[in-house]
Amino acid sequence: MYDILSSLNTAQKEAVETISGPVLIVAGPGSGKTRVITHRIAYLMNACRVSSRNVMAVTFTNKAAREMQERLGQLAPIASQGITIGTFHAICAKILRIDGKIIGIEPGFVIYDQNDQLALVKRGMTELNLDPKQYALSAVLGQISAAKSQTFGPKDYIQRGRSYFEEIVGRVYERYQEMMRASNALDFDDLLMRTVELFRAHKEVLERYQERYVHVMVDEFQDTNTVQYEMVKMLAGKHRNLCVVGDPDQSIYSWRSADLRNILNFEKDYPDAKTIILAQNYRSTKTIISAADAIISVSSMRKPKRLFTDNEQGVPVTLAEAYNEQEEALFVAKEIGRLVSYGGAALRDVAVMYRTNAQSRAIEEAFIRCGMPYKLVAGTRFYERREVKDIIAYLRLILNPADDISLIRIINTPPRGIGERTVDELLVWAKRHGFSLYDAICKISELGDSESRLFTPRAVKLMGDFQKMIADLRQKSNSLKLLTFFDRLIERIDFNSYLLASPDGEDRLNNILELRGVVQEYDDRFPEGVLPALLEGVALVSDVDSLSEVTDTVTLITLHQAKGLEFPIVFIVGMEDGILPHIRSFDAPEQIEEERRLCYVGITRAKRRVYLMRAFRRSMMGASNVNAPSRFLKDIPEELTCGARPWKSEKPKYHRRERDLDWAVADPEFCENQSLPDVKPGDDVYHDQFGRGKIVSINTVCGDTEVVVSFREAGTKKLLLSLAKLEKME
DNA sequence: CGAAAGGCTCTTTTT
DNA sequence: GAGCCTTTCG
């Protein structure tokens, strides 16, 4: 049998073998965390004969779950079947489908995403006569979400409310939950909160799960919030074999109510906890680790932790400056081209990371111009595209007629003459009679509208037609394969011509075809209950989940999404005060700290090579701004860095030097194809700044040639052949 | 009713 | 620069 322990270092081994009682694994970036988790589970099943049924592993993304499942399949092929692996949200959805009924959750519930949530908040506010200009929808929703993250229901929230704003939110929150219940819908926070509610209210249910999950493991524990922590605590309450893995330095989700105290106080909550620190990094070069450490060490309020690595020194971190975001993007594109054509780098080795999604636009445009293949990890997310959501709304309504939000979305999409007026009256009518919108339409078209005469005969007729169509589709959905049904639906509502008539019709039609592909896939994977599976699937996927390594393209990704991933070459663009750290973090020191950690996360994704890019000007929301270099840059010791154009006497083109940082100027022309001098150790060379010298050694590092040159005047320097413009002396 | 046009505001990060 | 809202007109 493959020895599970033989490939691990001492700390990792200890982490794998410590299987009883609470365990805290503090795992620095690149410390083999995923290996440890999978090996630990394999060890439980193989060596300790724990049944896979009795193991739960919580991951941060579905992708991580899938990968873990795969790796386990290799380590413990027989045993790994019945294990529970998934995100908190996916696991809770499953629990609530099975046991939610007891607290009034129908198993067919739909999951509302942020757009749906906003629509619902808006409706609630309209009903309560609140001005959406005075109270921003997103702020109200933020409050509601934060309350749910602490398991505060509307009553708890109202009770604790202090300010006038909180009182307003409390009222919206109450109404919001009523409407959610009526629509048989749960939002992301409900999935967690109501699971905890279920466990609190029904000990016998909790006990069943406690019995079952003898071993519970949670990854990315630094990013759990209070409900999640509560849930874990309850689940592991009986056996107490709770293993949490995380790294406070990588906590970047406080805005999503993640609470660092969960990991910082773990040892207090579990005094018998064993703490294991994984400090050896297997991913990055010494230079990268030193640079990352320099950035994170500045952070106060942190347990000092020193990462180390036995990997090679590697090349310096490249700092580069461009005039604006277009030039920044062009520099990235050309530099990638150079890394690929002058060395062994593949496009899939490269990731371009940024703080905000909006920054991807400039990069994309440059990449398209240069013919550089890329995949974008988010942007407007696929399942949030309007046309995709429209079709999803049809499917939801067909499965769950109580889903008012979906009904409102599609009752006039494509346009069928049911306008705003009619919908408003419908809302009033339904509310007065306590019906869902769908039921209201049924009643109105059945009985006519004799009593109140709210509707014109035309509106009654149109709504009736709509209702008949939905009823007819529902019937079809039961008998047809989902894919066939999907095609009928598109045909029936004449969606294609509707899309083609709209701006970007082609693109949007393509999105529908892509959705069709997803439907087909689900049809194959779920012979039973395809529709519910599809709807849950699309609600809970994240963008990273669909990130594939198969195609050879550059990856464009936000720093947040990059957590947990690694790439040989990483570009971080927008290293500017106001972008990273983001301007919204300026009012609170702890938020700037989080930005710092975000920067740390980005740098530590890199195995071999890091580029930190900054633009002098950047247009945001239409206007063009001049930004100062990111304050984080000056924390990186100069000896770890170099400019893309090494120290030339020539002044940077665009601005004065800042804080002695030697900026390279990203000069598009500079990246044009150049012929490299053919040199070997012993050759005499000339360098613009350092003068004459002799080549000491030549080394190939990740697609680039590194030469060590002993200069007569300037001493010994390590230079990149492709960048240093060395001339060979005959 | 709905298409089109103009004006407003805001954008961090996401399961 | 986009998305949402309001206004105007057919």
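**Entry 1. Tyr157**

I began with Tyr157, which counts as buried because its relative accessibility is 7%; buried means under 20% relative accessible area, exposed over 50%, and partly exposed in between, with a 1.4 Å probe and protein chains only. I note that this is a predicted model, in which local features need pLDDT of at least 70 and side-chain atom pairs count only at pLDDT 80 or more, while totals for chains, interfaces and linings use all residues. Residues are numbered from 1 along each chain as its sequence is written, chains are lettered from A and ligands numbered from 1 in the order in which they are written, and side-chain values use heavy atoms, with hydrogens and water left out.

I located Tyr157 in helix 7 (residues 154-160); helices (H or I, at least four residues) and strands (E, at least two) are DSSP runs, numbered from the N terminus. Leaving aside residues up to four places away in sequence, I listed the contacts of Tyr157 as Gln143, Ala147, Phe152, Glu166, Val169, Gly170 and Tyr173, where contact means heavy atoms within 4.5 Å. For Gly170, 13 residues from Tyr157 along the chain, I recorded a C-alpha separation of 6.3 Å.

**Entry 2. Chain A as a whole**

I counted 27 helices and 25 strands in chain A. The radius of gyration of chain A is 29 Å, close to the 27 Å that the globule rule gives for 730 residues, so the chain is as compact as a globular protein of that length. The radius is taken over C-alpha atoms, and the rule is 2.2 Å times the number of residues to the power 0.38. Along the principal axes, the C-alpha atoms fill a box of roughly 100 × 60 × 55 Å.

Of the 730 residues, 56% count as buried. Among contacts in chain A with a separation of 6 or more, 74% join residues 24 or more positions apart.

**Entry 3. Helix 16**

I looked up which residues of helix 16 (residues 360-370) are buried, and found Ser360, Ala362, Ile363, Glu364, Ala366 and Phe367. These buried residues pack against helix 15 (325-341), strand 12 (350-354), strand 13 (374-376) and strand 14 (554-558). After helix 16 comes Gly371, with a positive phi near 70 degrees.

**Entry 4. DNA strand B**

I found 29 residues around DNA strand B, the closest being His89, Arg355, Asn357, Gly417 and Met621. Of the strand B atoms within 4 Å of the protein, 52% belong to sugar and phosphate. A residue is near a strand if one of its heavy atoms lies within 4 Å of it.

I then noted individual atom pairs. A backbone N or O atom of Gly417 is 2.7 Å from a phosphate oxygen of strand B. The side chain of His560 has an N or O atom 3.4 Å from a base oxygen of strand B. For Arg584, a polar side-chain atom lies 3.0 Å from a sugar or linking oxygen of strand B.

**Entry 5. DNA strand C**

Which residues surround DNA strand C? I recorded Lys122, Arg361, Met621 and Gly622. Sugar or phosphate supplies 60% of the strand C atoms within 4 Å of the protein, and bases supply the rest.

Lys122 places a polar side-chain atom 2.5 Å from a phosphate oxygen of strand C, and Arg361 places one 3.3 Å from a phosphate oxygen of strand C. At Met621, a backbone N or O atom lies 3.4 Å from a base oxygen of strand C.

Definitions and conventions
Polar contact = N/O pair within 3.5 Å; in protein donor to acceptor, adjacent residues only side chain to side chain.
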